[in-house]
Amino acid sequence: MDLTSELGQRYMRIIAMVALLLGLSDAALLLGITTGSADPMTVLGPTGFAYLSTFCVARLFAAVGIWIGASWGAVLLVGATTIELVLYLTGNPDIHISPFDFVVRIVLVVAILVLFGLRWRIRRTREQ
């Protein structure tokens, strides 16, 4: 599959849309839309709020980067999501991820790694 083909572009756009939806979901949590009347700073704590803010902004920028086809978008998304998952799996009390969000993040990282593998394979076949 050539990533400049229509199918490759659709694959990248789907990944970008999932990243965008995750980023917007995090932004809604940061703004207190999904926490009801509770203040997000008290729900998440100062450190959790800072972590979520950083991952939210990184995910939104990465979604734009993937949408326009920039390689930095995929790298940013894999980096931010991997760090977030590692923090969660090591038991950091400031990282709050629901089981559904955890699965979506794993699928997102795997999809980006597949994208990296496809790009590497395309470059390798073009060099031969």
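**Entry 1: Tyr 88 and its ring partner**

I looked up Tyr 88 and found that this residue counts as partly exposed, with a relative accessibility of 30%. The model I am reading is a predicted one. I then looked up Phe 102, which is also listed as partly exposed, at 22% relative accessibility. Buried would require a value under 20%, so I did not place Phe 102, at 22%, in that class.

Where do Tyr 88 and Phe 102 lie? I found Tyr 88 in helix H3, which covers residues 71-89, and Phe 102 in helix H4, which covers residues 99-127. The pair therefore ties together parts that are 14 residues apart in sequence.

**Entry 2: The aromatic pairs**

I noted for myself that two numbers describe a pair of aromatic rings: the distance of the centres and the angle of the planes. How many aromatic pairs does the structure hold? I recorded two.

In one of them, Tyr 51 and Phe 55 are stacked, with 6.3 Å from centre to centre and 15° between the planes. Stacked is the right word because planes under 30 degrees apart count as such. Both residues belong to helix H2, residues 40-68, where they are four residues apart, and this separates them by about one helical turn. I checked whether each is buried or exposed: Phe 55 is buried, at a relative accessible area of 7%, whereas Tyr 51 is partly exposed, at 27%.

For Tyr 88 and Phe 102, I read a centre distance of 5.6 Å and an angle of 45° between the planes, so this pair is tilted.

**Entry 3: A charge over a ring**

Which residue lies over the face of Trp 67? I found Arg 13 there, at 4.2 Å from the ring centre.

**Entry 4: Salt bridges**

I began with a general reminder that side chains of opposite charge can pair when their charged atoms come close. I recorded five salt bridges in the structure, and I describe some of them here.

Arg 10 and Glu 6 form one of these, and their closest N and O atoms are 2.5 Å apart. I located both residues in helix H1, residues 6-31, with their positions four residues apart in the numbering, about one turn of the helix. Arg 10 is exposed, at a relative accessible area of 52%. Glu 6 is exposed as well, at 55%.

I next looked up Asp 26, which forms a salt bridge with Arg 59; here the closest N and O atoms are 2.6 Å apart. This pair links distant parts of the chain, since Asp 26 lies in helix H1 and Arg 59 in helix H2, 33 residues apart. I found Asp 26 buried, with a relative accessible area of 6%, and Arg 59 buried, with 1%.

The side chains of Arg 105 and Glu 84 also meet in a salt bridge, at 3.0 Å from N to O. Because Arg 105 lies in helix H4 and Glu 84 in helix H3, this pair ties together parts that are 21 residues apart in sequence. Arg 105 counts as buried at 2% relative accessibility, and Glu 84 counts as buried at 3%.

Which residues are joined into one network? I wrote down Asp 26, Arg 59, Glu 84 and Arg 105, which are connected by salt bridges that share partners.

Notes. Residues are numbered from 1 along each chain as its sequence is written. This is a predicted model: local features need pLDDT of at least 70, side-chain atom pairs count only at pLDDT 80 or more; totals for chains, interfaces and linings use all residues. Side-chain values use heavy atoms; hydrogens and water are left out. Rings of Phe, Tyr and Trp (its six-membered ring) pair if their centres lie within 6.5 Å; planes under 30 degrees apart count as stacked, over 60 as edge-to-face and the rest as tilted. Helices (H or I, at least four residues) and strands (E, at least two) are DSSP runs, numbered from the N terminus. Buried means under 20% relative accessible area, exposed over 50%, partly exposed in between (1.4 Å probe, protein chains only). A charge sits over a ring if NZ of Lys or CZ of Arg is within 6 Å of the ring centre and within 35 degrees of the ring normal. A salt bridge is a side-chain nitrogen of Lys or Arg within 4 Å of a carboxyl oxygen of Asp or Glu.
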